[in-house]
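Work through the exercises below with the sequence and the model open. Try each task before reading its solution.

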Amino acid sequence: MKGREQKILEEKTCLQKNRTESEGYVGGQTFMWITENNLTENNRLGYGLLEFILSPSNLNAAYLQVKRNKGAGGVDKMEVESLKDYLVSHKDELITAILRGKYRPNPVRRVEIPKDNGQKRQLGIPTVVDRVVQQAIAQILLPLYEPQFSDHSYGFRPKRNAHQALKKCRDYITAGYGYAVDLDLEKFFDKVNHSKLIEVLSRTIKDGRVVSLIHRYLNAGVQVGANFKASEMGVPQGGPLSPLLSNIMLNELDRELECRGHKFVRYADDMVILCRSKRGAERIMESIIRFIEGKLFLKVNRDKSQTAPISEVKFLGYSFYKTKGEGRLRVHPKSVSKMKAKIKELTSRSNGWGNDRRKETLRQYITGWVNYFKLADMRRLLLGIDEWYRRRIRMVTWKQWKRISTKLMNLIKLGVKKSKAWEWANTRKGYWHIAKSFILNTTITTDRNRQAGYLFLSDHYQKVMIKT
């Protein structure tokens with residue numbers, strides 16, 4: 001009897017070493033359940049990084065984060081709303097498969113989104129279950145890697161953002177760094193060398209099962225329509241793990257630049273190296289390209305990379321200039337063009353939107369855009385854009401009135417004499433032309449549009465600047 005009890009006890013508590021992976025142990029997690037606010041278990045965990053990743057509290061936090069982020073489903077078409085029920089029913093087999101090294105992630109679903117230059121950015125959307133596992137991995141690895149990351153890196157890191165990166169560039173420019181090496185890594189997320197990334201990961205992650213699990217995610221492949229495509233290189237954008245992996249890879253570049261004593265700022269795969277002279281910038285560019293391509297096995301797009309005065313550089317949507325010895329920020333012309341194209345889309349005459357939806361969508365976009373570009377000197381710029389934007393609103397309003405009788409009635413209500421209102425209500429001139437006319441300028445006024453609920457860029461910019 002004693003021997004049988006001992007055997008049962010050993011079966012419950014024994015930590016079985018994984019035969020196919022190095023270091024770390026597999027511990028069973030048999031009595032685990034997920035609730036909306038807690039993920040609990042009634043079992044001992046084995047020792048090792050993988051056990052921390054699969055711990056109840058970490059998995060629950062990962063589940064809640066994926067639930068908050070929402071997002072589209074992957075190749076299995078499971079949506080976030082179905083995630084809880086699936087995990088409750090299949091938690092044991094999922095965790096057991098991961099612990100035994102038998103779990104195989106699903107391919108990511110290929111999605112393309114437009115870029116500023118008219119090209120497409122390829123995203124890879126994992127299944128919601130894989131998103132939970134990736135999120136769980138990222139939550140444990142981030143505290144391990146965060147102390148290793150450079151102070152010059154600002155993207156996808158806690159308590160760091162694009163504004164801090166831009167302010168650092170501004171400080172360097174004020175200190176006399178008037179030239180920049182503007183490096184463009186060609187399709188960085190698609191070109192990451194798996195072997196090099198695994199090598200870098202293995203320096204810190206000593207639980208080989210975790211490295212193997214990450215490697216399986218890298219090799220999971222891509223589903224494009226009905227076709228499967230193997231992923232022999234790259235880190236698919238779209239999953240919770242890809243931002244961390246990109247920082248781990250590019251931290252190698254950060255450390256090399258620090259060893260050389262360069263002034264630089266990096267946000268994800270967007271980087272500028274600040275220099276005092278054009279000659280110095282050219283020398284640094286050639287040298288660092290050799291390191292990137294020879295040591296990290298990444299590709300630099302030489303057509304888009306350049307050495308230039310800081311006034312000709314675009315970084316995070318901004319450009320730079322210097323006045324009275326002080327570095328300053330402005331909105332890059334391409335960012336302005338993109339913003340105007342978006343407002344033009346939102347004020348289209350034929351999108352079929354009602355006024356309430358149009359006003360709310362414009363308010364959300366303008367608020368976000370101004371909040372992001374608030375570091376720039378752009379008061380005069382926004383006043384000019386608002387003039388064009390008000391004309392867009394007048395054009396939409398005039399089109400909505402449609403009938404001659406409606407135009408006549410509304411113009412009279414707005415204070416136009418009946419004879420003049422009749423004349424303009426019957427005009428055959430185009431909508432855009434009429435939107436600039438004296439008659440609409442003096443009736444559909446800025447104040448009336450404000451009262452109607454339209455938000456203008458210069459108004460919000462002034463509000464933001466007062467707060468700061």
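Buried residues, those under 20% relative accessible area with a 1.4 Å probe and protein chains only as cover, make up 47% of the 468 residues in the protein. The model is predicted: local features need pLDDT of at least 70, side-chain atom pairs count only at pLDDT 80 or more, and totals for chains, interfaces and linings use all residues. Residues are numbered from 1 along each chain as its sequence is written, and side-chain values use heavy atoms, leaving out hydrogens and water.

**Exercise 1. Take stock of the whole protein.**

Task: State how many helices and strands there are, and what share of the exposed area carbon and sulfur atoms supply.

Solution. Start with secondary structure. Helices (H or I, at least four residues) and strands (E, at least two) are DSSP runs, numbered from the N terminus. The protein has 20 helices and 14 strands. Next, take the surface. Accessible areas come from the Shrake-Rupley method with a 1.4 Å probe; for residues, only the protein chains shown count as cover. About 25000 Å² is exposed, and carbon and sulfur atoms supply 50% of that area. Finish with contacts, meaning heavy atoms within 4.5 Å. Take those between residues at least 6 apart in sequence: 69% of them join residues at least 24 apart.

**Exercise 2. Dissect the loop between H5 and H6.**

Task: Find which residue pairs with Glu146 in a salt bridge, and decide whether that partner is buried or exposed.

Solution. First, place Glu146. This residue lies in the loop between helix H5 (128–145) and helix H6 (162–174). Second, list its contacts. Leaving out residues up to four places away in sequence, Glu146 touches Arg157 and Pro158. The C-alpha atoms of Glu146 and Pro158 are separated by 8.7 Å, with the two residues 12 apart along the chain. Third, apply the salt-bridge rule: a side-chain nitrogen of Lys or Arg within 4 Å of a carboxyl oxygen of Asp or Glu. Arg157 and Glu146 meet it at 2.6 Å, N to O. Both partners sit in the loop between H5 and H6, 11 residues apart. Fourth, check burial. Arg157 has a relative accessible area of 7%, so this residue counts as buried.

Now look at Lys159, in the same loop between H5 and H6. Its phi is positive, about 65 degrees, although Lys159 is not a glycine. Exposed means over 50% relative accessible area. Lys159 reaches 81%, so this residue counts as exposed.

**Exercise 3. Trace other salt bridges.**

Task: Which residues are linked with Arg203 in a network of salt bridges?

Solution. Begin with the total: the count comes to 18 salt bridges. Arg203 forms one with Glu252, the closest N and O atoms being 2.9 Å apart. This pair links distant parts of the chain: Arg203 is in helix H8 (residues 194–204), Glu252 in helix H10 (residues 242–259), and 49 residues separate them. Then widen the view. Lys196, Glu199, Arg203 and Glu252 are linked in a network. Partly exposed covers the range between buried and exposed. Arg203 falls there because its relative accessibility is 41%.

Compare another pair. Asp459 and Arg450 meet in a salt bridge at 2.5 Å, N to O. Asp459 is partly exposed at 24%, and Arg450 is partly exposed at 37%.

**Exercise 4. Map a charged patch.**

Task: Name the residues that gather in a patch of positive charge on the surface.

Solution. Set the rule first. Patch residues have over 30% relative accessible area and no salt bridge, and like charges are joined within 9 Å. Lys and Arg count as positive, and the charge of Lys is placed at NZ. The patch holds Lys187, Lys229, Lys304 and Lys334. Now locate two members. Lys304 lies in the loop between helix H11 (278–295) and strand S12 (306–309), and is partly exposed at 40%. Lys187 lies in the loop between strand S7 (179–184) and helix H7 (188–191). Lys187 is exposed at 57%, with a positive phi of about 45 degrees although not a glycine.

**Exercise 5. Inspect packing.**

Task: Which helices do the buried residues of H15 pack against?

Solution. Identify the buried residues of helix H15 (residues 404–413): Lys407, Leu408, Asn410 and Leu411. They pack against helix H14 (379–401), helix H16 (418–425) and helix H18 (438–441). Just after H15, Gly415 takes a positive phi of about 100 degrees.

Methods
Patch = residues over 30% accessible without salt bridge, like charges linked within 9 Å, V, L, I, M, F, W, Y side chains within 5 Å.
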